[in-house]
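The following points are offered as a colleague's note on the structure below. They are arranged by topic and may be read in any order.

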Amino acid sequence: MATAIRTTDVRSKAHPSPRKALKELSDSVVVASQLAGNELAFAELVERYQKRLLNFIYRIIGDRERAEDLVQEVFIRVHRHLHRFDQSKKFSTWIYTIGSNLAKNELRNRSRNPLVLFQAIKKTWEDDDRPLEFEDSRHRPDDLFRKRHLRELVEWSVNQLPHHHRAVFVLRELEGKTYEEIAEITNCNLGTVKSRLNRARNRFAQVVQPLLD
Amino acid sequence: MRCSQFKKHYSEFRDSLITSPVLKREMEHHLAICERCSRHNRAFEHGLYLIREAGDIEPPSGFHRSVMRSVKLNARTPEPVVPAPPAIAAAAMLAAAVAVFVFEDNTDSFDPGAQPIPAAVRTLPQSVPAPQIDMITLTELQTFTPETRIPETDDEEEPADEQASEAQ
């Protein structure tokens with residue numbers, strides 16, 4: 001019995017499943033595999049980027065449900081236009097550009113349609129009104145409250161930034177992108193990125209300071 | 001160094017992108033002596049720490065499956081035709097108007113070999129004599145009284161048999 005298990009183990013190491021094999025490959029190889037017709041490769045790209053994109057878009061638009069919809073839309077567009085992607089460039093930059101554009105459109109539509117903005121705000125109220133069910137009971141309630149309160153304050157501070165500053169701020173501070181990558185994602189020149197980032201950082205410090213003092 | 005100058009270079013300073021050693025030293029010195037800028041910097045770092053500490057949000061369970069399903073659903077449907085935004089439509093109309101103007105201008109340009117365009121022939125209006133109308137002078141109008149009115153025509157005379165019965 002033990003010998004049988006060991007044999008299976010060795011076989012699985014020698015021939016890992018296609019999914020596991022994809023996990024070890026770089027983005028560009030996975031993209032090439034998808035373009036060659038391997039649908040598992042696309043599932044791997046979704047696996048790699050779903051959480052990162054969800055957080056990126058959520059931090060820009062501040063509405064979780066809408067962020068989930070937009071992430072779906074990003075992947076639909078990626079799937080549809082992958083053949084147009086210039087493979088000499090970074091896939092992550094390309095997918096973030098699509099996400100950034102969708103988030104920008106969302107904010108633009110909201111500013112044009114106050115009803116959409118109201119619905120987004122209302123959704124947040126409803127979340128706040130919901131009782132704290134299924135929270136981890138190992139943590140003390142006052143700790144949870146404090147943590148949640150601070151998180152809300154800081155998220156609120158980020159939302160005080162103008163949206164083009166917010167995108168640059170999130171990309172730099174939370175996604176760890178380089179200035180060049182940010183310039184490509186936001187379709188701006190390097191000087192604009194630097195100036196927006198400086199304004200965003202100063203503004204963030206200014207907004208957050210009275211809340212933390 | 002002033003606080004405004006410190007804030008101007010704050011981002012580059014944070015990312016260690018200041019190449020001038022003099023400016024870098026000035027920034028460090030200002031941060032050490034200026035209470036206001038020092039608080040500004042501390043607030044920034046604390047705020048950033050809290051955001052990072054709060055962590056990421058997790059996609060809901062089944063999100064991956066849901067994404068894959070919508071990708072497959074949308075894979076065969078053609079891309080919807082997006083109507084042109086008003087600005088683009090206006091620009092297109094303007095371009096069309098300019099094109100028409102330029103085209104018209106070209107057709108009107110002087111061509112020495114071209115045949116002269118004959119003048120348009122217009123017929124003069126024909127005078128038609130007015131129909132005969134009985135005119136009345138002003139003095140006749142002034143002397144006009146109900147008694148001088150035009151006598152009633154024969155059509156309005158009473159029938160002959162009625163006159164006869166009255167005579168009887």
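1. Which residues of helix 5 of chain A are buried? In this predicted model, the buried residues of that helix are A:Ala67, A:Glu68, A:Leu70, A:Val71, A:Gln72, A:Val74, A:Phe75, A:Ile76, A:Val78, A:His79 and A:His81. Within chain A they pack against helix 3 (27-35), helix 4 (39-61) and helix 6 (91-112), and across to chain B against helix 5 (63-75) of that chain. As background, residues three or four places apart in an α-helix point the same way, because there are 3.6 residues a turn.

2. The geometry of helix 5 of chain A may be checked by its length. The helix covers residues 64-81, and at 1.5 Å a residue its 18 residues should span 26 Å; the end C-alpha atoms are 26 Å apart, so the two values agree. At the start of this helix, a side-chain oxygen of A:Asp63 comes to within 3.3 Å of the backbone nitrogen of A:Glu65.

3. A further buried position is A:Ser92, located in helix 6 of chain A. Its relative accessibility is 6%, and A:Ser92 therefore counts as buried, the cut-off being under 20%. Leaving aside residues up to four places away in sequence, A:Ser92 touches A:Asp27, A:Tyr49, A:Arg52 and A:Lys177.

4. The interface between the chains deserves a separate description. In it, 39 residues of chain A are in contact with 36 residues of chain B. The area buried between the two chains is about 3700 Å², and carbon and sulfur atoms give 61% of it. A:Gln72, A:Arg80 and A:Arg201 supply 15% of the area that chain A buries against chain B, more than any other three residues. One of these, A:Gln72, is also among the buried residues of helix 5 of chain A.

5. As to polar interactions, five salt bridges are counted between chain A and chain B. In the salt bridge between A:Lys51 and B:Glu58, the closest N and O atoms are 2.7 Å apart. Between the chains, 17 residue pairs are in polar contact, with both residues at pLDDT 80 or more. On the side of chain A that touches chain B, helix 4, helix 5, helix 8 (141-159), helix 9 (163-174) and helix 11 each supply at least two residues. By class, that side of chain A has 19 nonpolar, nine polar and 11 charged residues.

6. Chain B has eight helices and zero strands. Of its 168 residues, 18% are buried. Among contacts in chain B between residues at least 6 apart in sequence, 46% join residues at least 24 apart.

7. Two backbone angles merit attention during review. Most residues other than glycine have a negative phi. A:Asn187, however, has a positive phi, near 60°; this residue lies in the loop between helix 10 (179-186) and helix 11 (190-212) of chain A. Its relative accessibility is 70%, so A:Asn187 counts as exposed. In chain B, the phi of B:Ser16 is likewise positive, near 55°, and B:Ser16 is placed in the loop between helix 2 (10-14) and helix 3 (21-33) of that chain. B:Ser16 counts as exposed because its relative accessibility is 61%.

Definitions and conventions: Residues are numbered from 1 along each chain as its sequence is written. Chains are lettered from A and ligands numbered from 1 in the order in which they are written. Side-chain values use heavy atoms; hydrogens and water are left out. Helices (H or I, at least four residues) and strands (E, at least two) are DSSP runs, numbered from the N terminus. The expected span of a helix is 1.5 Å times one less than its number of residues. Buried means under 20% relative accessible area, exposed over 50%, partly exposed in between (1.4 Å probe, protein chains only). Contact means heavy atoms within 4.5 Å. A polar contact is a pair of N or O atoms within 3.5 Å; within protein, one must be able to donate a hydrogen and the other to accept it, and residues adjacent in sequence count only if both atoms are side-chain atoms. Buried area is the accessible area (1.4 Å probe) that two parts lose on being put together, summed over both. A salt bridge is a side-chain nitrogen of Lys or Arg within 4 Å of a carboxyl oxygen of Asp or Glu. Ala, Val, Leu, Ile, Met, Phe, Trp, Tyr, Cys and Pro count as nonpolar, Asp, Glu, Lys and Arg as charged, and the others, Gly among them, as polar.
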